[in-house]
Amino acid sequence: MKRLLLALAIFSLPLPVNAQNANRAHSWLFSIGTGVANTDLNNSQFQTYFHVKPVVGPVRNINASVKYFVTKKLAIGITAGFYHYSNYSEATRVTTPSLSPAANDYQVLYSSLDYLRHTAYTTVEGAYIYYNFKKGNIQLYATAGFGITHTTGYVDRRENRVYINQPAYGSCFFGSFSPTVDENKMTAYVAPIGIRSGKKIGWYAEAGYGYKGIFNVGLSYKL
């Protein structure tokens, strides 16, 4: 009889059930991750100075966030991060003849482009868990954020025009175009598909659009 009462007492205690711990209100969630394919890379002064093509390859993007679960499904917090991008390219082409009637005279254009962009951002971000798997501590969620970015950098464009077969006109012309970039602008992030796995320490992955990139993955800790 004593053993039966002891067993009932043990089973009546609040055991740390995985599903309950994964969805406990008034808890904190810390995460750090990295993303690729920043979708707002062109939405800046870089388009004014030079038409930078959209970047779909890896860009150094580090982000960290802390969120507080107001309810079992809704969490609100802040996110901070940065991404960095730089590139250099060179090109050579022959321009149309410019010194008529000297048909054998032509111009060669040597050009180069060097640009750098460093952006830091701070945003308010929320997440909503819309489905929980009973096994495996897996949650499906959506997240969105809105905030401000600060971008610094430069665009250095250089041209060197060389005349062939006409030394009397001089050998070359040199031009340089080097604006600097320093701007603040609003930014946003929407990820309708997110998955997190783990009880306290876990991993997560998001697919969305905005400052974290099209794909964002990382580690998280729930307190």
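## Ground rules

Buried here means under 20% relative accessible area, exposed means over 50%, and partly exposed covers what falls in between, using a 1.4 Å probe and counting protein chains only. By that rule Tyr-121, with a relative accessible area of 2%, is buried.

What you're looking at is a predicted model, so local features need pLDDT of at least 70 and side-chain atom pairs count only at pLDDT 80 or more, while totals for chains, interfaces and linings use all residues. Residues are numbered from 1 along each chain as its sequence is written, and side-chain values use heavy atoms, with hydrogens and water left out.

## The overall layout

Start with the big picture: the protein has three helices and nine strands. Both kinds of element are DSSP runs numbered from the N terminus, with helices being H or I of at least four residues and strands being E of at least two. Walk along the sequence and the pattern reads α-α-β-α-β-β-β-β-β-β-β-β.

The protein has 223 residues, and 37% of them count as buried. Its accessible surface is about 13,300 Å², with carbon and sulfur atoms holding 67% of that; such areas come from the Shrake-Rupley method with a 1.4 Å probe, and for residues only the protein chains shown count as cover. As for contacts (heavy atoms within 4.5 Å), take those with a separation of 6 or more: residues 24 or more positions apart account for 67% of them.

## A charged trio

The structure holds two salt bridges, each being a side-chain nitrogen of Lys or Arg within 4 Å of a carboxyl oxygen of Asp or Glu. One of them pairs Lys-67 with Glu-125, and the closest N and O atoms there are 3.1 Å apart. Lys-67 sits in strand β2 (residues 60–69) and Glu-125 in strand β4, so this pair ties together parts that are 58 residues apart in sequence.

Glu-125 also meets Lys-212 in a salt bridge, at 2.9 Å from N to O. That link reaches from strand β4 to the loop between β8 and β9, where Lys-212 lies, and the two residues are 87 residues apart. Through the shared partner, Lys-67, Glu-125 and Lys-212 become one network. Are these residues buried or exposed? Lys-67 and Glu-125 are both buried, and Lys-212 is buried too.

## Thr-79 and its company

Thr-79 lies in strand β3 and counts as buried, because its relative accessibility is 2%. Its side chain makes a polar contact of 3.3 Å with that of Glu-125. A polar contact is a pair of N or O atoms within 3.5 Å; within protein, one must be able to donate a hydrogen and the other to accept it, and residues adjacent in sequence count only if both atoms are side-chain atoms.

Which residues does Thr-79 touch, leaving aside its neighbours within four places in sequence? Among them are Asn-63, Lys-67, Tyr-121, Glu-125 and Lys-212, so the whole salt-bridge network of Lys-67, Glu-125 and Lys-212 is on the list.

## The tyrosine cluster

Next, the rings. A pair of aromatic rings is described by the distance of the centres and the angle of the planes. Rings of Phe, Tyr and Trp (its six-membered ring) pair if their centres lie within 6.5 Å, and planes under 30 degrees apart count as stacked, over 60 as edge-to-face and the rest as tilted. The count by this rule is five aromatic pairs.

Tyr-83 and Tyr-121 make a tilted pair, 6.1 Å from centre to centre with 40° between the planes. Tyr-83 belongs to strand β3 and Tyr-121 to strand β4, so the pair joins parts 38 residues apart in sequence. Tyr-121 also pairs with Tyr-211: the centres are 4.9 Å apart and the planes stand at 45°, so this pair is tilted as well. Tyr-211 lies in the loop between β8 (201–210) and β9 (215–222), so here the parts tied together are 90 residues apart in sequence. Tyr-211 is buried, at a relative accessible area of 0%. Tyr-83, Tyr-121, Tyr-189 and Tyr-211 form one aromatic cluster.

## A nonpolar patch outside

On the surface there is a nonpolar patch of about 940 Å², whose members include Val-70, Ile-76, Tyr-128 and Phe-133. Patches are built from residues with over 30% relative accessible area and no salt bridge, joining like charges within 9 Å and nonpolar side chains (Val, Leu, Ile, Met, Phe, Trp, Tyr) within 5 Å.

Strands β3 (74–95) and β4 (106–133) each give two or more residues to the patch, and the largest share, five residues, comes from β4. Ile-76 is in strand β3 and counts as partly exposed, because its relative accessibility is 45%.
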